[in-house]
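Colleague: I'd like a close look at one part of this model: the salt bridges and the helices they sit in. Take your time, and carry on into the neighbouring packing if you like.

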Amino acid sequence: MSGNSSQTSFPSPPPMPATLPAQSPTQETSAPQQQAPMTPQAQTEQLNAATKDDKVLKMATFSLQKYLKEPDFAAEFLERGGLESLCEIIKKANGNTLAYALNSFDSLLEHETGWKSLDEDFVVDIARIVVKEALVTIVRPATAILIKIVTFNAHQRRSFPAPNATTTASATNNKPTASSGSNKQQQQQQQDTAKSDAAASATSLLSFGYPTLQKAIERVPKLLPTLVQRLQSQDYTLCLNSLALLTAMIKMVTDEYRSKLPESLEAYDLKKYIVRLMNSSPSEELRTQLLEYQTVMGQNFSMRRKTHVSLKNPEDAQMLNDIWEAAKVDDIQIPGARKWKKLGFSSENPQRQFVRTGQFGLQRLHGLVMSNPDLFSKTIMEQIHRPENKRCPYAKTCCECTELLFSQWNINTGYIAAEFEPILLYLDRVQATTVRLFFRLFQDMGATIADFSKVSALVRSQLRAVLKTEGVKDMNEFERVMDGTPYQTIRNRRLKELEWADDLLGRDAIKHLRARLNKQSYEFIKKQRIQCLVRGAWFPAPSSSLTRSGSMAMPNSNISMQELIGGTSSSSSSGVKRWRYYKLSPSKKALLFGDFAEVHTAVIDDYDALPNKIELANVADIRATRKPSTTTAAAASSMFPAPPSSTASPLHHHHQLHSHSMDPTSPGGALPVSGSDALLGTSPTATSYSSSAVLSFGLYTSSNRLLAEFKCATSEQLSEWKDGFSMLLDKGITSKETAEYLHSLTEIGVKVKLLQIAGDRVEVPHGTLDVPPLPAGGTSRFYYDA
């Protein structure tokens with residue numbers, strides 16, 4: 001509100017009723033019930049008049065608390081200019097009068113009004129009241145007002161009222177107009193007043209939200225420690241309001257202070273008081289607020305993780321410089337490491353190390369280093385003097401541990417607290433403990449840099465086990481267990497986890513689940529592949545002799561890709577039809593095609609444009625049309641054995657693919673890879689397979705006559721069309737790409753199902769379940785669907 005509001009002249013109050021008795025402070029609570037309801041105008045006039053009489057002012061503010069709970073009364077109260085008077089009372093009053101005035105102002109904010117009066121000085125006054133006043137009746141409403149200020153969102157509120165403009169307009173309308181000139185002058189004054197009100201309203205929009213409260217914190221430094229100390233208050237509402245304000249501040253904090261605010265609160269040991277409240281058997285309302293605080297802290301971690309590290313950011317650059325200076329390795333020369341690699345960074349560009357952990361990872365590394373710079377320098381020197389492959393990179397280890405903690409609490413995917421986790425509030429100490437464990441396991445197992453992921457898996461296993469232990473709820477107990485568990489114990493637990501995973505995947509129930517999902521995945525791929533045939537595609541056309549006889553006359557192999565995707569060839573002008581469009585008929589029983597001189601459109605939807613037809617009932621075999629060189633003919637022929645019979649199930653066929661190292665092209669008759677070949681990473685056909693044979697196949701009759709030839713442009717097109725015909729004719733899968741696609745879909749489905757089972761805590765049976773006996777009585781129509 002404006003600074004000259006105290007000089008505003010108000011109309012003199014009407015004389016007080018003669019029947020109004022003098023009341024003692026002990027009778028104040030019953031006075032409002034004995035008085036007749038007051039109008040907003042009378043209430044405003046009474047406030048203006050009562051500024052010189054403390055007793056009357058106390059009565060007026062007391063009754064105002066009740067009246068302002070009514071929206072209509074509050075709106076007219078604002079129009080009468082009562083808000084300015086109320087703000088002046090808050091600045092000057094004390095005791096119960098101040099408590100009543102604060103409650104009245106809080107009621108106005110409940111109606112989404114009163115925001116126009118807010119300015120930085122008024123918010124600072126409220127902050128001072130929170131700090132200096134000792135009466136709970138005063139501090140509670142003042143804290144509630146600050147909560148509303150910091151959580152206010154202008155985009156979700158209605159427009160502010162303009163009481164001054166309304167009052168001015170009303171007064172103008174009641175005055176007689178003397179002349180048109182004075183009329184214009186009055187209109188001009190009204191416009192100027194409206195503009196000034198709009199400017200004041202726009203200015204007031206800046207007087208809420210976290211930035212306004214941050215300015216109050218800077219001018220009233222004791223606000224944060226006072227709020228933290230109030231968490232120990234015996235007054236339940238005051239404790240709850242203080243916690244709610246702290247939670248709102250962390251939730252609404254701007255990017256500039258997103259890291260600074262939690263650090264400031266840590267300096268006042270806020271975590272200690274939060275944990276104390278968690279362990280005090282809180283009420284349901286307080287429990288909800290504590291969970292909200294825990295959620296907000298987790299989300300604060302997540303938002304800091306999403307903030308990228310930049311060397312152009314002065315704060316990030318300063319933290320990196322502090323880390324470098326604490327290492328004290330300027331004079332040490334290491335081959336292949338100029339600067340940052342000496343500290344365990346993966347490259348000489350340090351910001352790349354924090355891609356997964358963001359600014360939060362850098363802050364945690366900086367905090368860990370600066371908490372004990374001598375220990376950090378000593379650790380770096382120890383690693384530098386180790387053989388290169390035996391070094392445990394410090395910076396990489398810290399970021400890995402931060403990522404493990406994020407994964408443990410699901411901070412990456414949006415953390416929402418469901419139960420008290422006090423250890424999460426001590427994330428800095430948790431990370432330091434985890435880093436110590438990582439270095440200890442790295443040394444105990446004699447690991448090399450190639451074993452980094454294995455050490456990470458051991459740390460993850462230990463971290464998960466400790467956090468799931470019922471007895472570990474205290475930070476000191478967490479550190480004791482993490483530091484005191486021997487490497488052999490952690491290793492044995494990890495081996496049991498791996499055995500459990502292998503045992504789980506080998507159980508009959510999981511095998512049946514995989515078989516069912518395999519069948520579903522096969523049907524899905526079959527529909528997708530057949531859809532490619534229905535859509536159709538362009539292929540180089542064979543010579544005209546192909547349609548007259550069964551000879552395998554090949555088209556010109558020197559066709560460019562530009563011609564295939566829509567360019568024209570030199571022979572197109574001479575009328576030679578060098579392109580053929582194949583398309584599966586709607587009935588899926590015939591293959592339609594037409595020959596064209598050039599590719600004139602990407603897709604042909606008109607079936608009439610494809611006059612030729614091949615009945616798929618005549619197709620007996622699908623195999624390569626191009627033959628390899630004579631020196632490799634025998635080897636290549638083994639790669640195209642006869643396709644499996646139409647009666648072979650896709651599940652059995654897929655099993656054959658993976659049980660024989662999945663030959664690239666053979667569905668069921670793949671040659672198994674020998675042991676020596678598997679060790680060397682080769683196969684009997686790897687060196688004798690011609691790439692030209694891979695990209696070309698044909699449809700053959702039972703008499704070995706070529707019906708159609710497909711010279712594919714890519715291996716993807718080959719797998720789509722060749723497997724499309726093969727699966728349409730129930731001949732299984734013929735390409736490595738489709739087989740791997742089927743395997744991936746099946747495994748993903750199994751993992752998703754296992755996650756659901758683990759989430760529901762369902763035990764997977766080891767063997768086949770026995771069918772229970774039929775219930776006794778009336779079993780003639782009862783049966784189990786086994």
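Modeller: One yardstick up front: a residue is buried under 20% relative accessible area, exposed over 50%, and partly exposed in between. Keep in mind that this is a predicted model. By that yardstick E292 is partly exposed, because its relative accessible area is 30%. Its partner is K251, and the two side chains meet in a salt bridge with N to O at 3.8 Å. The cut-off is 4 Å between a side-chain nitrogen of Lys or Arg and a carboxyl oxygen of Asp or Glu, so this pair qualifies. K251 sits in helix α13 (residues 236-252) and E292 in helix α16, 41 residues apart, and the pair links distant parts of the chain. K251 comes out at 48% relative accessibility, so K251 is partly exposed too.

How many salt bridges does the structure hold? The count is 24, and a second one worth zooming in on is R429 with E479, where N to O is 3.1 Å. That pair also ties together distant parts of the chain: R429 belongs to helix α22 (residues 427-444), E479 to helix α24 (residues 475-484), and 50 residues separate them. Is E479 buried or exposed? E479 is buried, since its relative accessible area is 18%, while R429, at 28%, counts as partly exposed.

For a local pair, go to helix α34 (residues 736-760): K736 and E740 both lie there, four residues apart, which is about one turn of the helix. Their closest N and O atoms are 3.9 Å apart, and they form a salt bridge. Both ends are partly exposed, K736 with a relative accessible area of 36% and E740 with 35%. There is also a network: salt bridges with shared partners join R464, R494 and E497. The general idea behind such pairs is simple: side chains of opposite charge can pair when their charged atoms come close.

Back to α16, the helix that holds E292. Helix α16 (residues 284-305) also meets helix α18 (residues 358-371), with axes that come within 4 Å and cross at roughly 100°. The range for "roughly perpendicular" is 65 to 115 degrees, so α16 and α18 are described as roughly perpendicular to each other. On the α16 side the contact uses F301, R304 and R305; on the α18 side it uses G358, Q359, F360, Q363 and R364. Sorted by type, the contact residues come to two nonpolar, three polar and three charged.

While you have the viewer open, go further along the chain to a small piece of sheet. Three strands make an open sheet in the order β5-β6-β7, with antiparallel pairing. β5 (621-624) and β7 (706-711) are the edge strands, each pairing on one side only. From one strand to the next the twist averages 20°. Four bridges join β5 to β6 (residues 696-700), and A624 stands opposite F697 in β6. Helix α33 (residues 715-728) packs on this sheet, touching β5, β6 and β7, with its direction at about 15° to that of β6.

Terms used:
Residues numbered from 1 in each chain as written. Predicted model: local features only at pLDDT ≥ 70, side-chain atom pairs only at ≥ 80, totals over all residues. Heavy atoms only, no water. Pairing = 2+ DSSP bridges. Helix = DSSP H or I, 4+ residues; strand = E, 2+ residues; numbered from the N terminus. Axes fitted to C-alpha atoms, helices over the stretch in contact; angles between N-to-C directions. Contact = heavy atoms within 4.5 Å. Parallel < 35°, antiparallel > 145°, perpendicular 65-115°, else oblique. Nonpolar A, V, L, I, M, F, W, Y, C, P; charged D, E, K, R; others polar. Buried < 20%, exposed > 50% of the residue type's maximum accessible area, 1.4 Å probe, protein only.
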